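Reader: I'm still finding my way around protein models. Could you take a close look at the aromatic rings in this one and walk me through what they're doing?

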Amino acid sequence: MPQKTFPVYFVAMVLFALQGAWQPLWAQHNNTMTADLRDDSKIVNIQQEFIYTNQSRDTLFELYFNDWAHAYSNKNTALAKRFAEDFKKSLHLAKEEERGFTEIISVVDHEYRGIAWKRIPGKDIVKFIMNKPLAPGESYKLFITYDVQLPPNRYTPYGYGPDGGFYLKDWYLTPAVYDGEWKLYSNKNLEDLHTDITDTYINFIFPDSLYLGTNFNEVSVNTFPGRQFASLKGVNRKSCDIILNRNNRFTKHVTPHLIVVTDITAAKYNEIAQGVSINRITRFIHENLGEFPYEQLLVSDIDFNKNPLYGLSQLPSFIRPYDEKFQFEMKFLKTALGSYMRETIFLNPRKDKWVSDALVNYLMILYVEQFYPDQKLLGKLSDIWGVRSFHLAKMAFNDQYSLMYMLMARKNLDQPLTTPNDSLIKFNQKIANTYKAGLGLAYLAEYMGEDKVHTSIREFYEQYKLQPVTPDDFKAILEKNADDKDINWFFDAYVSSNRRIDFKIRKVEKTDDSLRVTLKNKTGTNVPISLFGVSGDTVVSTYWITDIEEQKTVQIPRKGEERLVLNYDQKIPEFNQRDNWKSLNGFFSSNKRLKLQFFKDAEDPYYNQVFYMPVVGFNVYDGLTPGMRLTNKTLIEKPFLFDFAPSYAMNEKSFVGYGRLNFRQYHGKSGMYVTNYALRGSTFHFQENSRYSTLTPSIAFGWRPDNLISNKQQALVFRHVNVFRTIDPQLDDLETDPDYSVFNARYTSFNNGIINYFSWFADAQFANNFSKLAVNLEYRKLFESNRQLNLRFFAGKFLYNETNSDFFSFALDRPTDYLFDFNYLGRSEDSGIFSQQIIIAEGGFKSKLADPFANDWIVTTNASMNIWRWIELYGDAGFIKNSGRDARFVYDSGVRLNLVTDYFELYFPLYSNKGWEIGQPNYDQSIRFVVTLSPRTLIGLFTRKWF
């Protein structure tokens, strides 16, 4: 540990004494610190004097402090476990010297008596046991000396970077919140530290080669040889953020409403124009929220990168479709609003984050409506020939809020806005729920009136800034300003549940001067729905219909409407808008027209969309198979899908392809949550001039737990596989009938974790001339030593077998795949490179052993463990039994290059029943490989952490 620099601390204390403006306000907790950042060791030496005031009605016997810097200390913290859930193992694999932690040296009270302390198991929390009870209104002083070892910023933006910079956030001990019970939350990389309001004074010592940026007020900055001393002050604050850079990146903008310190810039947008934009943004925020209570607002690029504008704005700068001014303003606005809320509205960020999300995103919607009303979602791309015909190109920029929320709702992965932050799926936590919250306020503003919602937002901010606040306080202000309108539906149905909103116009009866409109509530979610009368593209009438529990008929006057449309402005996140309109000009004009469109698009509720797009496949016998895919699949999921891809086989000079019909029915969020009905078919060649065709009806049931973050799922599938083969007579050496049918039932359970992976399935197959059972188990464990163990077990048994070949037999290394489930590049090859492709199934062996089939039973085990990074040793062993013969013991071993598990792997056999394979002729033909060419499968490798 580096030696303490006592002269530096002495100077620091003198500076404290000289700061006359630093008289503490004892109404809050008071925190006085000296923090010395050592550039060489990446350690912050801290001496902290904390005066804790008991503001509750209870007598306290111990105090709890957040120590989130300790979250990087080992592989078992809540942060490490959260990373594992997100399929990130960087912290798990980190060396000891690459970790961050807090080392507490001493803790004493005002009489310099030692205070007992201990860490709460599984949490980044320290408990201090006071030497005397702390009555309500009394204060207790703690002197804490400790060192914070900063981590590298490869895990989160916090810590030190390779460029010599530092980012300190949640880096010192802060009091946990007590409101009748202690709120003890661990660091899960969610930006939601919940700490008490404190008056904090920091004398921060750091190298003179660095430039400082902070959210606190800089009272003074003094330079000494090799060091700098910054006196920082934060009254009524939560926590101090410090950004240190080798270059002076921060610029101070003094606007009429707010002083902003920022390092957000745009290379192609000049500095003067940036200043004008910042001035407009600060005026907008001031008008809609009110006065910022601190000296300055920190708007940092680091904060933006933690919560960026997801979507097209994340593309490389040279292909971004937005104007530089718009892009800069949206980036600055989002970051500024986020900082504004975080610094001044003291909600419980883990439980009540939806309120701040609603305010931030609603104001962003409002800003675009006010200053960029014609901005398209695709930006400049919307004007390009070939793109402008897409429905996505016609969507407004603000339509993304409904689109992103609906993406999760259609997947049945949407969660209530009141879901705790650490229980949200990552896509919901980062995007969908934040967008739904903002969209909800826009919905409420349309119903209540925009002025009333704007007044409520400003009242809420002015009344509750710098105070502990709850969603009930926000609700009370909205209800007060709603006058006689009931808005309980907003909190009960929209915020607190994930019930879908879905209405339809059931029928319209016309008279000379009025219309009787019958509306149906398809989901039972009782919320207001807007009804528009439209003539051409002009809205001629607007109504709000309420209290539609199941069905309701209303009478409205005729005003020249040509059609009636529910939710015409799409301010309501409705689950299905395809039945939202009725034409008043006859039955046939109500029918949706067919729209044949190139490539996939967003769902257009006014058309029946069919998309076409080129596809190409490959196998040895068909060669390249270019074709055209026809599907109704849009960017968001639909209950019913069709997907056909007729293709042409270049080698066989004939048509091949696949097709499927699929209907998915969701029942709930957990338990048995889904039923899937499907009819699939395909036709390709499995040998030269030999074709197979399949037709498979199926039904599947899915289960999952209440915790949607969990990677656990179960499925039960029933299918009837019908295979029809046309075999070249010159190649027909098969002893089985060319056509056959197999009924297959399989139950699968898996927990797809990156640290602990476990899956198993039980499989049953019944056909005319055989029936068989099989069970398969897989287990992977990444140990704290960074060794990974992979185990697999397979057992299969024929109940009866009247076949006269090994076509349906169990296989050691390369199943015949008679159900045509596997993506073999050359499924009938027995020599050459394509015969070396393996798919780990059934026996799971890698060596090509003699007599590899079992027509009675088989039991095998496969194991591997890494010896260095992705280089592993593997071994397989088992027994196979054929009718009329004794069971035979088989084994093999070798080296596995596990480049991307299940996607790209290489196997080099060493020793097996054949002896030392590496010394045998044609060894290169013994090397096996696993490869996945499916784009959908590969994309899933990168998107799995989001859903």
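Author: Sure! This is a predicted model, and it holds 65 aromatic pairs. Let's zoom in on one of them, F879 with F889: the ring centres are 5.3 Å apart, and the planes sit at 55° to each other, so we call the pair tilted. To see where that label comes from, remember that planes under 30 degrees apart would count as stacked and those over 60 as edge-to-face, so whatever falls in the rest is tilted. The two partners come from distant parts of the chain, 10 residues apart: F879 belongs to strand β43 (residues 871–881), while F889 belongs to strand β44 (residues 888–900).

Are these two rings buried or exposed? Neither label quite fits: F879 has a relative accessible area of 40%, so this residue is partly exposed. F889 comes out at 42%, so it counts as partly exposed too. Both verdicts follow because partly exposed covers the range between under 20% (buried) and over 50% (exposed).

Rings can also gather in a group. Here, W354, Y443, Y447, W489, F490, F491, Y494 and W544 make up one aromatic cluster.

And some rings have a charge for company. K42 lies over the face of Y160, 5.3 Å from the ring centre. Over at Y757, the charged end of R780 sits above the ring, at 4.4 Å from its centre.

One last aromatic residue to look up is F820, in the loop between β40 (810–811) and β41 (853–854). Its phi is near 55°, a positive value in a residue that isn't glycine. With 15% relative accessibility, F820 counts as buried.

How values were computed: Residues numbered from 1 in each chain as written. Predicted model: local features only at pLDDT ≥ 70, side-chain atom pairs only at ≥ 80, totals over all residues. Heavy atoms only, no water. Helix = DSSP H or I, 4+ residues; strand = E, 2+ residues; numbered from the N terminus. Buried < 20%, exposed > 50% of the residue type's maximum accessible area, 1.4 Å probe, protein only. Phe/Tyr/Trp six-rings, centres within 6.5 Å; stacked < 30°, edge-to-face > 60°. Lys NZ or Arg CZ within 6 Å of the ring centre and 35° of its normal.
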